[in-house]
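Hi,

Here is the structure I said I would pass on. Have a look at it first, then read my notes underneath.

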Amino acid sequence: MFKKYDVIVVGAGHAGCEAAAAAANMGSSVLLITMNMNTIAQMSCNPAMGGVAKGQIVREIDALGGYSGIITDKSTIQFRMLNMSKGPAMWSPRAQTDRMRFAEEWRIALERTPNVDFWQDMVSSLIVKDNKVCGVKTSIGVEIEGESVVLTNGTFLNGLIHIGEKRFGGGRTGEKSATGLTEQLTTLGFEAGRMKTGTPPRVDGRSLNYSLMEEQWGDQGAGKFSYTDTVISTDQRCCWVTYTNPDVHETLKEGFEKSPMFTGRIKGLGPRYCPSIEDKINRFAERDRHQIFVEPEGWNTCEIYVNGFSTSLPEDVQYRALTQIPGFEKAKMFRPGYAIEYDFFPPTQLELTLETKLIKNLFFAGQINGTTGYEEAGSQGLMAGINAHQKVHDGHELILKRSESYIGVLIDDLVTKGTEEPYRMFTSRAEHRLLLRQDNADIRLSPIGHELGLISDERLDKVNKKIKDSDDIVAHTKKTSIGMADVNGLLEELGTAPIPQAVKMFNLISRPQIGINDLRKASTDLNELLSNYDQQTIEQAEIKIKYESYFEKENEIVEKMKKMEDRSIDPNFNYQTLGSLSKEAREKLLKIKPKTLGQASRISGVSPSDISVLMIHITR
């Protein structure tokens, strides 16, 4: 029935979809295996993409030639740019999406991608020969050969769902868990662990009283994620905000004695930055209310996602507590919230390419690596798909640096430091976040995507034009002066000091109180110039002007760090021969086997003095 595939992708969540698309678009023959063809790219939790740092990742996926940004734009029901009151390094796009349309658009995109085949089944084991994966075996006994395999199993590996004292196997509500793989991998020498995540109840939007809630609309002139010419709807759906109260908290506490979290039935660690509602009121007992975001699941459904109310308490307690929230007094519940425990494999067992160290041509991506979030999963899937293709076609591996992408930060953190709780990306995790903005992901990564064959010549030309045009605007402001009579009235209006003589436009735009579009009012010359460019290019120029000196300093730091990153270490180096290293450093270095001195410096337990010892030895 089956030919031998270049890449077999197991699981069709966000990681699996990106992996399959990337490998296929690069020319590999791909088989995407999923337990249910009707749940491809299912948004298991909230119907949204992006957010703080996560939005930057979606832009990076798009800049490399992945599909997440395009699919999001096609299914957006509300778009917001978060953190606009802060500097551009913090600006983060977020889109509320139509859950059903999102999954449908992903399936359509994959079916239209040449080289992608599908098979509905559960993979129960891998075919491994001489420490190299050679294919998979499914639950109905089918054996399929493959040059490489990418595992993107999400929360399905021995998944266990908890609702109060009830627990049952499942990878998602209504779907069975996947068995067999964990057991085989541990016998092959892999270390496995358990993690936990949760989801809130869904309710009937027709039963809510929105007049008791705060409206939350998206941005006017809504933006989008993809750098391609995707079009998003000019219409948007409203979201709402409401709050819990002491009565809600007291009702929830009644269920604590039956909570799987507090009785010890849940062994896995949950996400620190997305705690359940019972965890919130337990950890933050001094707070008398918590924010609840009321989010529509799509354009044409009345189903509502109760963001901020993730819980695994008994369903009757969930319902009674919900009806005490303003606007939810007559709420009808579609389905209760639940917690799910699942197997993961500590990612220190991976190379930076996401290939496993123990088994050649076997790649892990997504929640199997201990991450949480669609965006983190999608980016890992993209990188695993690229590197699986490259491995079987003798191409060069792709490892993104921490200084060039959030994806690089994510993978380096996972492989070098590992994680003991579900990993979530934040801007604070990126030491060079000023350079890794959402507005310049295309500039940073499109040349790489083009080299891989994932970005067209036309798209790269568009990026190069954006660079040239924004540089031309900056050059104009540096050479063109503006006089006192033209601008002082505007400066006074904007609350900034007047000028005593003519100054370069560049100096004025550098002020925090004034934007480049403000100055158009005082300069016909500038207004005529900017009318030739789109808003993205103008925004790029303004950021370059305002942060030029900061960029120069940041790039100097990157260049200094690059010397350490470029200092390679033999993967077979015997650290036991260096008696000057601490015992902990030797153990960690032998386990992780860093490829560079820079990676070694980020390993927990390896001190600066250990790095000095290594540097001296490597230099010799």
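Is Ala12 buried or exposed? Ala12 is buried, because its relative accessibility is just 7% and anything under 20% falls in that class. Before going further, please keep in mind that this is a predicted model.

I began with Ala12 because of the UniProt record: an unreviewed entry there lists Gly11, Ala12, Gly13, His14, Ala15 and Gly16 under "binding site". Ala12 sits in the loop that runs between strand 1 (5-10) and helix 1. Leaving out neighbours within four places in sequence, its contacts are Cys17, Leu32, Ile33, Thr34, Thr39, Ile40 and Ala41. His14, from that UniProt list, is already in helix 1. His14 is buried too, at a relative accessible area of 8%. Not counting residues up to four places away in sequence, His14 touches Ala41, Gln42, Met43, Phe102, Tyr374, Ala377 and Gly378. Ala41 therefore turns up in the contact lists of both Ala12 and His14, given a contact cut-off of 4.5 Å between heavy atoms.

On to the nonpolar packing. In soluble globular proteins, nonpolar side chains tend to be buried together. Here the largest nonpolar core has 101 residues, and Leu151 and Leu362 touch the most other members. Helix 1 (residues 14-25) supplies the largest share of this core, with eight residues. With neighbours within four places in sequence set aside, Leu151 is in contact with Val10, Leu126, Leu181, Leu185, Leu362, Phe363, Phe364, Ala365 and Ile368. There is another core apart from that one, made of 23 residues, among them Leu490, Leu508, Ile516 and Ala541.

Now the charged pairs, in case you want to set up electrostatics. How many salt bridges does a search of the whole structure find? The count is 34, and three of the pairs are described below.

- Lys166 and Glu315 meet through their side chains at 2.5 Å, N to O. The pair links distant parts of the chain, with Lys166 in strand 11 (residues 166-169) and Glu315 in helix 8 (residues 315-322), 149 residues apart. Lys166 is partly exposed at 46% relative accessibility, and Glu315 is partly exposed at 31%.
- Arg194 and Asp343 have their closest N and O atoms 2.9 Å apart. Arg194 belongs to strand 12 (residues 193-199) and Asp343 to strand 19 (residues 338-344), so this bridge ties together parts that are 149 residues apart in sequence. Arg194 is partly exposed at 28%, whereas Asp343 is buried at 6%.
- Lys588 and Glu584 come to 3.2 Å between their closest N and O atoms. Both are in helix 19 (residues 583-592), and because they are four residues apart, about one helical turn separates them. Lys588 is partly exposed at 26%, as is Glu584 at 41%.

There is also a network: Arg402, Asp412, Asp413, Lys417, Glu431, Glu565 and Arg602 are joined by salt bridges that share partners.

Last, a sheet to look at. Three strands make an open, antiparallel sheet in the order 3-5-4. Strand 3 (48-50) and strand 4 (76-82) are its edges, each pairing on one side only. Ignoring direction, neighbouring strands in this sheet are turned by 15° against each other on average. Strand 4 pairs with strand 5 (residues 92-97) over six bridges, and Thr76 has Thr97 as its bridge partner in strand 5.

Cheers

Definitions and conventions
Residues numbered from 1 in each chain as written. Predicted model: local features only at pLDDT ≥ 70, side-chain atom pairs only at ≥ 80, totals over all residues. Heavy atoms only, no water. Salt bridge = Lys/Arg side-chain N within 4 Å of Asp/Glu carboxyl O. Helix = DSSP H or I, 4+ residues; strand = E, 2+ residues; numbered from the N terminus. Buried < 20%, exposed > 50% of the residue type's maximum accessible area, 1.4 Å probe, protein only. Pairing = 2+ DSSP bridges. Axes fitted to C-alpha atoms, helices over the stretch in contact; angles between N-to-C directions. Core = buried A, V, L, I, M, F, W, Y, C linked by side-chain atoms within 4.5 Å. UniProt positions renumbered as here; feature names shortened; annotations may be inferred.
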